[in-house]
Structures are given as structure tokens and as C-alpha cells.
Amino acid sequence: MTGNFWTQQAGETELMLGQVRVRHPSACDGADQYPGYASVNVLIDGDYVGSAYVGFYQGIAGRTQTIGLYFYPMGGMMAPDANANHIMTAKVADFCTGAGQDFTFESFKVDIIGAR
């Protein structure tokens, strides 16, 4: 994959593994009775294919954590009959309600493994 574009070869099934590195805020006020959290959704060609979630708790305030991406429905893409061009995007969301209480996504990495 170059940047967020790649070509899946005809007859090649692709498996995906990924992780994000996220820094927790020093505080994170949640909404209603729920604690604050952040999430990232992964899209391929505009379709949701994966996600990650990280909750806030005081013991990890200000720290950086690496979390795995969960890909669904099967963690891969079935083999196409002809070469297929793809684009991957990520959407992040932060659910802390206080000013300056933002999670920071520091890195996003996905490996795509082709198998015939």
C-alpha cells in the first residue's frame, strides 16, 4: 500500500492487521453516566471494515497506549476476479465533554497481506 491507495490483484485474498497509537488526555469528562472514550473507524472504498475503541480511566491519564484494530466481518477481503483499486480512510471521534480533554491519535498502521 502506498499512502492509503493500493491495487488488490485478481485472485488474491487480502488479510488486514492494524494498530493505532493514542495519547490519553489528563482528564476526560464523559456524558451522562458513561465515562469518556475515543474511537477510530476504518473504511475501505467508503465501507466500514474495522474499528478500535479506547476508554478513559484516571490510571492511564496522560499516557500513550497502542491498541489493535478489529477488522470485520472477517479481517480480510475476498479475491476479486479482476484487479481492484482501493482507498483506505480513518475517522476518529472523541467523546470527552470538557474543554481541552482530547485524545490524540499519534499513529495509524495497517498491514495488508496478500495470499493466493
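## The open sheet

Five strands make up an open sheet in the order S1-S8-S3-S4-S6, paired in the antiparallel sense. At its edges are strand S1 (5-8) and strand S6 (70-71), each of which pairs on one side only. Two terms help here: strands are DSSP runs of E with at least two residues, and helices are runs of H or I with at least four, both numbered from the N terminus. Two strands pair if DSSP finds at least two bridges between them.

Let's follow strand S8 (residues 84-94) through its partners. S8 runs antiparallel to S1, and four bridges join the two; here Trp 6 stands opposite His 86. With strand S3 (residues 37-44), S8 shares seven bridges, again antiparallel, and Lys 91 in S8 is the bridge partner of Asn 41. As background, side chains in a regular strand alternate between the two faces of the sheet.

## About the model

What you have here is a predicted model, where local features need pLDDT of at least 70 and side-chain atom pairs count only at pLDDT 80 or more, while totals for chains, interfaces and linings use all residues. Residues are numbered from 1 along each chain as its sequence is written, and side-chain values use heavy atoms, with hydrogens and water left out.

## The protein as a whole

The protein has nine strands and zero helices, so from the N terminus on its elements read β-β-β-β-β-β-β-β-β. Along the principal axes, the C-alpha atoms fill a box of roughly 50 × 25 × 20 Å. The accessible surface comes to about 6800 Å², and 51% of that belongs to carbon and sulfur atoms; such areas come from the Shrake-Rupley method with a 1.4 Å probe, and for residues only the protein chains shown count as cover.

Of the 116 residues, 34% are buried. Buried means under 20% relative accessible area, exposed means over 50%, and partly exposed is in between (1.4 Å probe, protein chains only). Contacts (heavy atoms within 4.5 Å) often span the chain: among those between residues at least 6 apart in sequence, 79% join residues at least 24 apart.

## Gln 8 and His 86

Here is a pair to look at in your viewer. Gln 8 lies in strand S1 and counts as buried at 2% relative accessibility. His 86 is found in strand S8 and is buried too, with a relative accessible area of 10%. Their side chains are joined by a polar contact of 2.8 Å. A polar contact is a pair of N or O atoms within 3.5 Å; within protein, one must be able to donate a hydrogen and the other to accept it, and residues adjacent in sequence count only if both atoms are side-chain atoms.

Each residue has another polar partner. The Gln 8 side chain reaches the backbone oxygen of Glu 12 at 2.8 Å, whereas the side chain of His 86 has a polar contact of 2.6 Å with that of Asp 45. Leaving aside neighbours within four places in sequence, Gln 8 is in contact with residues including Thr 13, Met 77, Pro 80 and Ala 84. By the same kind of count, His 86 touches Phe 5, Trp 6, Ile 44 and Met 77, among others.

## A salt bridge across the sequence

Side chains of opposite charge can pair when their charged atoms come close. The count here comes to one salt bridge, defined as a side-chain nitrogen of Lys or Arg within 4 Å of a carboxyl oxygen of Asp or Glu. Glu 106 forms it with Arg 23, and the closest N and O atoms are 3.4 Å apart. Because Glu 106 lies in strand S9 and Arg 23 in strand S2 (residues 13-23), the pair ties together parts that are 83 residues apart in sequence. Both residues are partly exposed: Glu 106 at 43% relative accessibility and Arg 23 at 34%.

## A nonpolar surface patch

Leu 15, Leu 17 and Ile 113 form a nonpolar patch on the surface, with about 270 Å² of accessible area together. Patches are made of residues with over 30% relative accessible area and no salt bridge; like charges are joined within 9 Å, and nonpolar side chains (Val, Leu, Ile, Met, Phe, Trp, Tyr) within 5 Å. Ile 113 has its place in strand S9 (residues 104-115) and is partly exposed, with a relative accessible area of 40%.
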